[in-house]
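Here is a friendly walk through one protein chain, for a reader who likes to look at strands, rings and pockets side by side. Have the structure open as you read.

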Amino acid sequence: EARFQSPGGIAVDISGNVFVADTGNNTIRKMTRRGAVSTLAGLAGHPGRSDGSGSAASFMAPLGIAVDRAGNVYVAEFVNNVIRKITPEGAVSTLAGSSGIPGSEDGLGDNAHFRNPWSVAVDMSGNVYVADRNNFTIRKITPAGLVSTFAGLARAQGCADGPGRYARFSDPLSVTLDAAGNVYVADKCSNVVRKITSFGLV
């Protein structure tokens, strides 16, 4: 009986609940193991940039989504150029980036900037990794909101392996992690899957 509109990302928590970035509705949805669907945050048909609780928060084309061990949900908003955090109770805050302002700067919270972040993944320590698509980089956000460039060089497109800033990506679209902390990247236009060690070697 539930309906979605162009869902763009999906993640599962340790209890088996499924979280969906319902891109076309500008909402984040939750589905229990029994299939009961509810809206965790945002209001269908009301795009925006506001933090807040539940339907008081607003999103604009949320896409990538990940969930940590504590049940916090992280969302990449490729239009607003921010990474949002949602508590299990539905309270939405901006973890990093400045809404509506594209860029490539590292820094804390809204001093950092992204350029169309496409997907996110979270490790066992709560660090969030971002496929920052149009910066051609992989970014890392600590639980405190400190953003650094983990691999690649902003605005330098290519396909080269190497350590950290010497690596090049062409179109990093999707990112995930394994239990050892290695990061895997689907590099779309290069037609390859990249592996980044926990030390940043691509």
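## The largest pocket

Sorted by class, the residues lining the largest pocket are 18 nonpolar, 9 polar and 5 charged. Please keep in mind throughout that this is a predicted model. The lining comprises 32 residues, and the space in the largest pocket is about 600 Å³. If you would like to place yourself at its centre, look for Ala66, Ala121, Val122, Thr176 and Leu177, the lining residues that lie nearest to that point.

Which strands supply at least two residues each to this lining? They are strand E1 (9-12), strand E6 (62-67), E11 and strand E15 (172-177). E11 is a good place to move on from, as it also belongs to a sheet.

## An open sheet

Five strands make up this open sheet, and following the order across it takes you through E10-E14-E13-E12-E11, with antiparallel pairing. Strand E10 (107-108) and strand E11 (117-122) are the edge strands; each has a single partner, so one side of each has no neighbour in the sheet.

Within the sheet, strand E13 (residues 137-141) pairs with strand E14 (residues 146-151) in the antiparallel sense, over 4 bridges. To find one of the contacts by eye, start at isoleucine 138: its bridge partner in E14 is alanine 151.

The loop between E10 and E11 holds asparagine 116. Asparagine 116 is not a glycine, yet its phi is positive, at about 60 degrees. With 22% relative accessibility, asparagine 116 counts as partly exposed.

A second asparagine invites a look as well. Asparagine 26 sits in the loop between strand E2 (18-22) and strand E3 (27-31), and its phi, near 60 degrees, is again a positive value in a residue other than glycine. Is asparagine 26 buried or exposed? At 10% relative accessibility, asparagine 26 counts as buried.

## Aromatic pairs

The count of aromatic pairs comes to 2. Here they are, with their geometry:

| Pair | Centre to centre | Angle between planes | Arrangement |
|---|---|---|---|
| Phenylalanine 78 and tryptophan 118 | 5.0 Å | 50 degrees | tilted |
| Tyrosine 129 and phenylalanine 150 | 5.3 Å | 70 degrees | edge-to-face |

What does the tilted pair link? Phenylalanine 78 lies in the loop between strand E7 (73-77) and strand E8 (82-86), while tryptophan 118 lies in strand E11, so the pair links distant parts of the chain, 40 residues apart. Phenylalanine 78 is partly exposed at 21% relative accessibility, and tryptophan 118 is partly exposed with a relative accessible area of 24%.

The edge-to-face pair has its rings within the sheet strands: tyrosine 129 is in strand E12 (residues 128-132) and phenylalanine 150 is in strand E14, so this pair ties together parts that are 21 residues apart in sequence. Tyrosine 129 counts as buried, at 4% relative accessibility, and phenylalanine 150 is also buried, at 12%.

## Charges over rings

Two arginines complete the tour. Arginine 84 has its charged end over the ring of phenylalanine 59, 4.7 Å from the ring's centre. Arginine 194 lies over the face of phenylalanine 169, and here the distance to the ring centre is 4.8 Å.

Notes. Residues numbered from 1 in each chain as written. Predicted model: local features only at pLDDT ≥ 70, side-chain atom pairs only at ≥ 80, totals over all residues. Heavy atoms only, no water. Pairing = 2+ DSSP bridges. Phe/Tyr/Trp six-rings, centres within 6.5 Å; stacked < 30°, edge-to-face > 60°. Buried < 20%, exposed > 50% of the residue type's maximum accessible area, 1.4 Å probe, protein only. Lys NZ or Arg CZ within 6 Å of the ring centre and 35° of its normal. 1 Å grid on protein atoms, 1.4 Å probe; cavity = no way out; pocket = protein on both sides within 12 Å on 5 of 7 lines; lining within 4 Å. Points joined across faces, edges and corners; volume = space filled by probe spheres on them. Nonpolar A, V, L, I, M, F, W, Y, C, P; charged D, E, K, R; others polar.
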